[in-house]
Amino acid sequence: MIISPAISGNSGPKVRSDCEVTLELQDSGGIHIELESKVRALYGESIKELVTGIIEFFGIRNIRATIKDSGALPFVIAARTEASVKKLIKTGLEFLPPVTNGDNIQSSRDRCRYSRLYLPGNNPSLMINAGLHSAEGLILDLEDSVAPEKKDEARILVRNALRQISFYGAERMVRINQGERGSEDLRALIPHGLDLVLLPKCESSEEVKRISSLIDELKNKDGITNEVFLMPIIETAAGVENAYSIATSDKSVVSIAIGLEDYTADLGVKRTPSGNESLYARTRLVNAAKAAGIQPIDSVFSDIDDLELLKETVRVSKSLGFEGMGCIHPRQIPFIRQGYAPDEGEIEKSRKIVVAFEEARAKGLGVICLGSKMIDAPVVRRAERIIKQAVSMGLLPADWMNIETKVD
């Protein structure tokens, strides 16, 4: 059944970089567009031309379109128009904007993931320049931050964002929904340069395997060669108890995170600044991740104003073995990155280990020693990763091997 009118997007005095598109099917009259925009004099004709082209692309000939523009970029206008069209007619077509970001980087399993910034998937104003905040990852969120009735249009917006906005070198992440809606998210997004998928409220290895199998199927279908990694989020008591099986469920899992808001709700307790109520869950998750050889990632810190408590929380988190934390506001990023980054002592120790390793290898020695201590392969790998992180963050020069190192 055709329903008219259809509305997608957002409008209002506080809305920025977005638009609201209302479409009403007509019996005749062709395509008629009414535009309300502060930039109408400059861009009105190009906006109308874009919307007309999208409507014609979907085979619609008679329609009335009302656009309330708040400074939306073309990819946003396109997403909102397509979403409204798909509320009117059933179609498998997609109007894909050209890929213009040009900054895609190849992600990797051991990539540094100190900070990852959550961005509501239906709010383009927060996405557009988010990469300038220098988080290691940007999460376009389709789950908790998007209202149920907005999820379909948010999916189209996120798809267009993956094709057009610059991530400034940050890992391109999406938190999908649960169940079939999450599968729909993947079908829409996998072909468009996604690096990592976050799986919310994960409780079993079977869930991870199902998602990984679907991703492989979609990659094969579209000829995609880049790896798509997984980060299951543990948010229930059942998930905590199954943490190790989840961590080892599939080769695409590179990290597991804990979500303490939902976890404490599942326990029926209040989340406190001390975190005593979640200490068991956090240490169990860290142990599971370390045993599986992947990264343990801590929960978001929800008080965006208390930066001193954030710094203390990061200190404790790192001492427990976590290697990163989620962010809900850009101001948290520098404190989190600095807190998890290797300190001077860690960097110096790692330099000595790597130098000793290189000297032993040059001499053809099978045993690596640092002073009176033997160094095994996992310790060397960890030292190399710390060195890599220190160089990438500017804490160590790229030619650090040329710096004189005294081996104790």
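**View 1. The open sheet of 4 strands in the predicted model**. The strand order is 1-2-4-3. Pairing in this sheet is mixed. Strand 1 (6–9) and strand 3 (31–36) form the edges. Each of these edge strands pairs on one side only. From one strand to the next, the twist averages 15°.

**View 2. Strand 2 alongside strand 4**. Strand 2 covers residues 19–25, and strand 4 covers residues 63–69. The two run antiparallel. They are joined by 7 bridges. One residue pair serves as a marker here: Leu23 has Ala65, in strand 4, as its bridge partner.

**View 3. Helix 1 on strands 2, 3 and 4**. Helix 1 spans residues 40–57. This helix lies across strand 2, strand 3 and strand 4. Its direction makes an angle of about 145° with strand 3.

**View 4. The open sheet of 8 strands**. Here the order reads 11-10-9-8-7-6-5-12. Pairing is parallel. The edge positions belong to strand 11 (295–297) and strand 12 (325–327). Both edge strands pair on one side only. Neighbouring strands are turned against each other by 25° on average, direction ignored.

**View 5. Strand 7 paired with strand 8**. Strand 7 takes in residues 171–175, and strand 8 takes in residues 196–199. Their pairing is parallel and extends over 3 bridges. Arg175 is matched with Leu198 of strand 8 as its bridge partner.

Note on methods
Residues are numbered from 1 along each chain as its sequence is written. This is a predicted model: local features need pLDDT of at least 70, side-chain atom pairs count only at pLDDT 80 or more; totals for chains, interfaces and linings use all residues. Side-chain values use heavy atoms; hydrogens and water are left out. Two strands pair if DSSP finds at least two bridges between them. Axes are lines fitted to C-alpha atoms, for helices over the stretch in contact, and angles run from 0 to 180 degrees between N-to-C directions. Contact means heavy atoms within 4.5 Å.
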